[in-house]
Amino acid sequence: MKKSMRALWAVGILMILCLAFQARTADAASTYSIKVNKQQNVVTIYKWQGDKYKPYKAFVCSAGYATPTGTFSLGEKLRWHTLDGPSYGQYCSRITDGILFHSVWYYEMGNKASQSYVQYNKLGTTASHGCVRLTVGDCKWIYDNCPSGTPVTIYNDSDPGPLGKPSAIKVNGYQGWDPTDPDPENPYHKMNPEITGVENKNIAYGSKFNIKKGIKVKNSTGFDAKKLLKTKIMYRLDSSSEYKKVKKVNTKKPGRYKVTYSVKDEIKHTAKVTAVYKVLTAVDVSQIVLNKTSKKLYLGSDAEKAKFTLTVKKIKPKKATSKKVTYSSSDKTIATVNKSGVVTAKKAGEAQIIAKATDGSGTTAMCSVTVIQYATALKLSAPATTLDVGNAMQLKAVFTPTDVTSKKIKYSSNNTAVATVSETGVVRAISPGTAKITAKAQDGSKVSASCKIKVCYKFDSVSGGAVSASAISVPAETPWESLIGSQLPASVVITDSRGHYETADVTWSSEDYDSALPGTYKATGVVELPQGWMGTIPDLIAQITVEDKKKEDPEEGLPEEGQDGPDNEKADEAAE
């Protein structure tokens with residue numbers, strides 16, 4: 001009974017494990033798909049990406065005439081397994097029945113130094129009894145990454161596959177380690193490819209030169225691997241220039257060619273060696289003579305003045321192999337130069353334009369370029385448009401652009417009797433009138449600006465006449481006109497702060513003056529500034545009292561002698 005129960009438990013556990021295993025394999029199998037081209041002995045791994053399988057990596061293999069074609073599901077995994085012979089294989093993955101992915105066979109189980117090198121060197125050809133042989137590195141990758149259930153398709157085609165057919169590495173001897181075995185004890189881990197025959201040398205100008213001639217390459221297992229050799233060529237004219245990548249060593253272009261030789265062999269081991277080849281010139285350039293050794297350029301003027309063409313007038317010696325030069329600028333922000341020698345001004349300053357021989361001699365010649373920034377506009381402004389006699393003010397001149405090379409200005413006045421101007425732009429008022437002050441740039445640009453200044457006497461005080469008599473009494477019936485000049489001054493004397501004086505006319509007026517009506521009236525006198533004066537003079541004010549006529553003639557209005565009556569009586573009362 002106990003044995004029966006145990007058996008049932010075992011069966012149940014086995015079923016659960018099988019279901020779990022099937023779920024895992026179904027899920028994992030979707031990651032990769034394996035295709036074996038039996039005819040070309042190539043294994044191509046496809047990886048599920050997005051919504052389809054895409055080529056991922058390729059292995060060289062050895063299938064056999066008995067290898068079946070069709071589509072299968074990868075089965076069990078065997079770390080070591082006995083093969084025909086008997087012989088033994090590593091990292092076995094069952095394709096179907098007795099057909100496996102496995103390493104090239106070993107003479108002894110577990111002895112990694114006993115692999116058949118004769119069979120190893122057949123990889124890439126039809127050689128197996130039906131299994132698919134691979135390097136240890138490749139069959140281990142399938143063993144580790146492609147679980148049971150992974151689809152495997154075996155077919156025949158003249159096309160090796162989308163990734164081509166990898167090169168198969170060869171080994172020497174009868175038996176030993178697989179060079180791709182990742183085991184740390186593998187002696188091949190300490191072996192690398194070898195590149196020989198690489199050395200620095202000078203190359204005659206115009207000679208024939210093959211960068212691979214005389215170079216030997218061996219892979220990590222000692223076999224010729226020159227077909228895997230790659231080169232990278234960098235060129236510079238001399239030590240003052242930088243290396244740039246080029247396609248070939250040009251023996252008609254003197255300079256230094258740095259060639260890096262590199263190889264990555266079939267087991268991904270690498271080696272790298274570098275040599276510098278100097279292409280010589282037949283005759284070096286010793287001197288370059290330019291059409292200009294110095295030149296001034298101008299910005300802000302005619303466009304033609306902002307550029308010129310630098311040319312080579314002469315190359316010495318005449319027999320120089322190469323007479324070509326390149327142009328460069330010591331400061332491209334000041335002036336640039338193109339390959340044809342056209343120099344263009346950019347901003348004010350100094351720069352050296354350098355012509356350099358391309359023959360590797362290092363010979364140069366220079367032209368000093370001075371860029372002058374002309375003024376394109378000038379603005380002149382004054383603190384005020386009027387100026388009183390004897391005073392002065394400073395004018396302000398502003399250039400456009402602000403970084404003009406020369407800010408020297410020449411000032412002038414078109415009427416020095418009215419106003420003068422100093423070298424620094426200080427205007428001094430001389431006498432009343434108008435003067436035009438002009439500022440002219442002295443950098444050759446001919447730009448100028450001007451402003452008008454009006455010079456006047458500035459009113460300070462007023463005096464003279466009867467201005468102080470602000471209260472005036474006049475008899476009745478005194479005409480307004482008779483007051484002007486007698487009671488009210490027709491002119492006054494005005495004075496500026498420097499003591500200059502002059503007579504100014506006064507115009508009097510009164511809004512309500514009535515000589516027939518006794519009372520007090522206001523008279524206003526407006527002073528008119530003479531020509532050449534400025535300022536504001538307060539109005540003159542006078543109080544005019546028109547006297548009562550009766551007070552002036554007491555007898556007027558009395559009745560004649562002998563008359564009497566009510567009116568006379570009233571008059572007498574009034575007189576009393």
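**Stop 1: a three-stranded sheet.** Start by selecting residues 307-309, 335-337 and 342-345, which are strands 21, 24 and 25 of this predicted model. Together they make an open sheet with antiparallel pairing, in the order 21-25-24. Strands 21 and 24 stand at the edges with a single partner strand each, so one side of each has no neighbour in the sheet. On average, neighbouring strands here are turned by 15° against each other, direction ignored.

Now zoom in on strands 21 and 25, which pair in the antiparallel sense over three bridges. Which residue of strand 25 is the bridge partner of Lys307? Click on Thr344 and you have found the partner.

**Stop 2: a salt bridge at Arg94.** The structure holds five salt bridges, and we will visit some of them. Select Arg94 and Glu76, whose closest N and O atoms are 2.8 Å apart. Arg94 sits in strand 6 (residues 87-96), while Glu76 belongs to the loop between strand 4 (70-73) and strand 5 (77-83), so their salt bridge ties together parts that are 18 residues apart in sequence. Is Glu76 buried, partly exposed or exposed? With 40% relative accessibility, Glu76 counts as partly exposed.

**Stop 3: Lys112 and its network.** Next, select Lys112 and Asp183, a salt bridge with 2.9 Å between the closest N and O atoms. Both ends lie in loops: Lys112 between strand 7 (99-103) and strand 8 (115-116), Asp183 between strand 11 (175-176) and strand 12 (194-196). The pair therefore ties together parts 71 residues apart in sequence. Lys112 is buried, at 14% relative accessible area, and Asp183 is buried too, at 19%.

**Stop 4: Lys356 and Asp238.** Move on to Lys356 and Asp238, whose side chains meet in a salt bridge of 3.1 Å, N to O. This pair links distant parts of the chain, 118 residues apart: Lys356 is in strand 26 (residues 349-357), and Asp238 is in the loop between strand 15 (230-236) and strand 16 (244-246). Lys356 and Asp238 are both buried. Before leaving the salt bridges, add Asp181 to your earlier selection of Lys112 and Asp183: shared partners join these residues into one network.

**Stop 5: confidence.** Finally, colour the model by pLDDT. The mean is 88, and 89% of residues reach 70 or more. Select residues 1-29, where pLDDT is below 50 and the model has nine contacts beyond near neighbours in sequence. Then try residues 556-576: pLDDT stays under 50 there as well, with three contacts beyond four places in sequence. Where pLDDT is low, predicted coordinates should not be read in detail.

Note on methods:
Residues are numbered from 1 along each chain as its sequence is written. This is a predicted model: local features need pLDDT of at least 70, side-chain atom pairs count only at pLDDT 80 or more; totals for chains, interfaces and linings use all residues. Side-chain values use heavy atoms; hydrogens and water are left out. Two strands pair if DSSP finds at least two bridges between them. Helices (H or I, at least four residues) and strands (E, at least two) are DSSP runs, numbered from the N terminus. Axes are lines fitted to C-alpha atoms, for helices over the stretch in contact, and angles run from 0 to 180 degrees between N-to-C directions. pLDDT is the predictor's confidence in each residue, from 0 to 100. Contact means heavy atoms within 4.5 Å. A salt bridge is a side-chain nitrogen of Lys or Arg within 4 Å of a carboxyl oxygen of Asp or Glu. Buried means under 20% relative accessible area, exposed over 50%, partly exposed in between (1.4 Å probe, protein chains only).
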